[in-house]
Amino acid sequence: MKKLLILSVFFFAFSAQAQQNNQYSLTCHIDGDTMRVSGTCYFSYENKYHNYLLLSSSIKIDSFSLGDWQQNGDTIVFAGQPVKVEFAYSVPLSDYRASDGAIVLRREGNWYPHRNSELLTANVHIEAEDYYLIGGTVMTPAYELHLILLPKENYTCKVMDNPTRPFHFYRVVSDTTSYPEAFYNEFMDSYNFYCFFFNDSLSQKPMNIVEIGDPQFVMCQSLRDMIVFGHYFYEVYTMMPDFSWIPHEVAHQWWGNSLFFEHRYYALSESLNEYIKLQLLKSRERGYKEQMKYYKYVMKLAGKRLPIAEIHSVESQDESIAIYNSAPYRLEKSGNSKVDALLLQLYRDHKHTVVSREVFLRECGALKGWLRGK
């Protein structure tokens with residue numbers, strides 16, 4: 001079976017007042033068939049209820065070790081004082097030199113990194129001749145730290161030039177599917193539109209689009225400067241090329257990876273990101289009518305109508321429909337000419353910060369009725 005190894009380092013509960021003091025440095029190097037990772041975190045925060053550091057992992061092999069840390073949930077409680085934490089662990093690579101797989105190392109919080117209230121600065125140094133290294137060597141500011149190593153013999157890299165930034169598409173060699181140019185262009189066209197929409201090109205580093213060679217990986221996730229997806233999503237693209245997942249995930253580079261929402265307001269973040277995607281479809285005059293028709297069709301499948309304000313997780317079909325279909329449809333049909341201006345102002349004022357519902361309502365009060373389902 002093709003393998004995927006995901007290593008996640010979780011840091012919770014930082015205070016908003018100490019963003020500039022929270023520094024994260026990480027060094028990786030290859031020693032034979034082992035990747036050795038070491039780093040230091042500096043914390044300066046006050047939170048009398050939730051002062052802790054949690055290291056955890058989600059993996060598919062048993063030989064993973066975290067040095068002095070215990071796997072899956074060792075917690076260290078601090079007393080609210082400035083703390084320096086050093087850590088080290090190792091990862092065996094031998095299984096991945098001869099398999100279709102990827103190693104993903106990222107700092108996040110239960111899938112959505114923006115559930116935390118901090119930005120971190122990350123400096124990364126890697127030595128690995130046999131791997132494609134994705135994620136860059138310096139990321140400032142970097143709310144999430146992520147690194148992907150792809151065994152070169154199992155991946156190909158297709159480079160697409162773009163006036164804004166280059167795009168690197170990493171494909172699994174064993175995947176013999178011929179991706180049309182339209183698939184690649186969809187990423188670049190979406191990115192160019194959002195650069196214009198947000199008046200922010202974000203970065204000149206390569207944008208990395210990575211196909212995960214694990215048939216069980218049926219997710220798609222947008223990380224900073226990176227989108228990872230399973231082959232399933234290409235199949236979806238071929239069925240709905242004009243209003244597929246690509247523009248949605250690319251929009252998350254701004255709305256979700258540059259401007260963050262608290263995790264409990266995930267529904268607000270996702271539904272507004274889907275609305276932003278609609279603006280691309282409408283602007284290019286292709287796929288917009290089909291998307292709106294699709295929204296309307298799916299909305300009829302819902303058992304009950306749920307306001308976005310009442311959704312804190314996605315555990316049912318009704319919640320999913322409310323977020324990804326009903327909410328963007330209602331907002332688009334509201335005829336509120338202020339929507340784009342309000343969202344853009346919110347982005348300009350709160351880029352690289354975490355936005356709470358209270359902040360959203362204060363600065364986008366005209367959308368209060370939409371949030372409550374009216």
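Is Tyr329 buried or exposed? In this predicted model, Tyr329 turns out to be buried, with a relative accessible area of 13%. That figure counts as buried because the cut-off is under 20% relative accessible area. Tyr329 sits in helix α7, which covers residues 317-333. Setting aside neighbours within four places in sequence, the contacts of Tyr329 are Met292, Tyr295, Lys296 and Met299. Take Met299: the C-alpha atoms of Tyr329 and Met299 are 9.3 Å apart, although 30 residues lie along the chain from one to the other.

Before going further, a word on confidence. The average pLDDT for the protein chain is 74, and 66% of the residues reach at least 70. Two stretches call for caution. Over residues 1-22, pLDDT stays under 50, and the model has 104 contacts beyond four places in sequence for them. Residues 43-82 also have pLDDT under 50 throughout, with 100 contacts beyond four places in sequence.

Now for the overall picture. The protein chain has 374 residues, of which 56% count as buried. DSSP runs give the chain 10 helices and 18 strands. Among contacts between residues at least 6 apart in sequence, 67% join residues at least 24 apart.

Next comes a sheet. Five strands make up an open sheet with mixed pairing, in the order β12-β13-β14-β16-β15. Its edges are β12 (155-160) and β15 (220-223), each of which pairs on one side only. From one strand to the next, the twist averages 15°.

Working inwards from the β12 edge, β12 and β13 form a hairpin, with six residues between them. These two strands run antiparallel and are joined by six bridges. Within this pairing, Lys158 stands opposite Phe169 in β13. On to the next pair: β13 (residues 167-172) and β14 (residues 207-212) run parallel, with four bridges joining them. His168 has Asn208 of β14 as its bridge partner, and Tyr170 is likewise partnered with Val210 in β14.

How many of the six residues of β14 are buried? Six of the six are, so β14 is largely enclosed by the rest of the structure. The side chains go two ways: Met207, Ile209 and Glu211 point one way from the strand, while Asn208, Val210 and Ile212 point the other way, and all are buried. The bridge partners Asn208 and Val210 therefore belong to one and the same side of β14. Helix α3 (residues 231-239) lies across β14, β15 and β16 (226-230), and runs at about 85° to β16.

Two loops by this sheet hold residues with an unusual sign of phi for their kind. One is Leu202, in the loop between α2 and β14. Its phi is near 70°, a positive value in a residue other than glycine. The other is Asp225, found in the loop between β15 and β16. Here phi is near 65°, again positive in a residue other than glycine. What about their surroundings? Leu202 is partly exposed, at 29% relative accessible area, whereas Asp225 counts as buried, at 9% relative accessibility.

Then there is the nonpolar interior. The largest nonpolar core has 60 residues, and those touching the most other members are Phe183, Phe187, Trp245, Trp255, Phe360 and Trp370. Helix α2 (residues 181-198) gives this core its largest share, 10 residues. Apart from it lies another core, of 12 residues, among them Ile148, Leu150, Leu223 and Val228. Back in the largest core, Phe360 has contacts beyond four places in sequence with Phe261, Leu268, Leu272, Leu343, Leu346, Val355, Gly365, Leu367 and Trp370.

Finally, the cysteines. A search of the whole structure turns up zero disulfides. Which of Cys157 and Cys195 is buried, and which is partly exposed? Cys157 is partly exposed, with a relative accessible area of 30%. Cys195, by contrast, is buried, with a relative accessible area of 12%.

Notes:
Residues are numbered from 1 along each chain as its sequence is written. This is a predicted model: local features need pLDDT of at least 70, side-chain atom pairs count only at pLDDT 80 or more; totals for chains, interfaces and linings use all residues. Side-chain values use heavy atoms; hydrogens and water are left out. pLDDT is the predictor's confidence in each residue, from 0 to 100. Contact means heavy atoms within 4.5 Å. A disulfide is a pair of cysteine sulfur atoms within 2.5 Å. Buried means under 20% relative accessible area, exposed over 50%, partly exposed in between (1.4 Å probe, protein chains only). A nonpolar core is a set of buried Ala, Val, Leu, Ile, Met, Phe, Trp, Tyr and Cys residues joined through side-chain atoms within 4.5 Å. Two strands pair if DSSP finds at least two bridges between them. Axes are lines fitted to C-alpha atoms, for helices over the stretch in contact, and angles run from 0 to 180 degrees between N-to-C directions.
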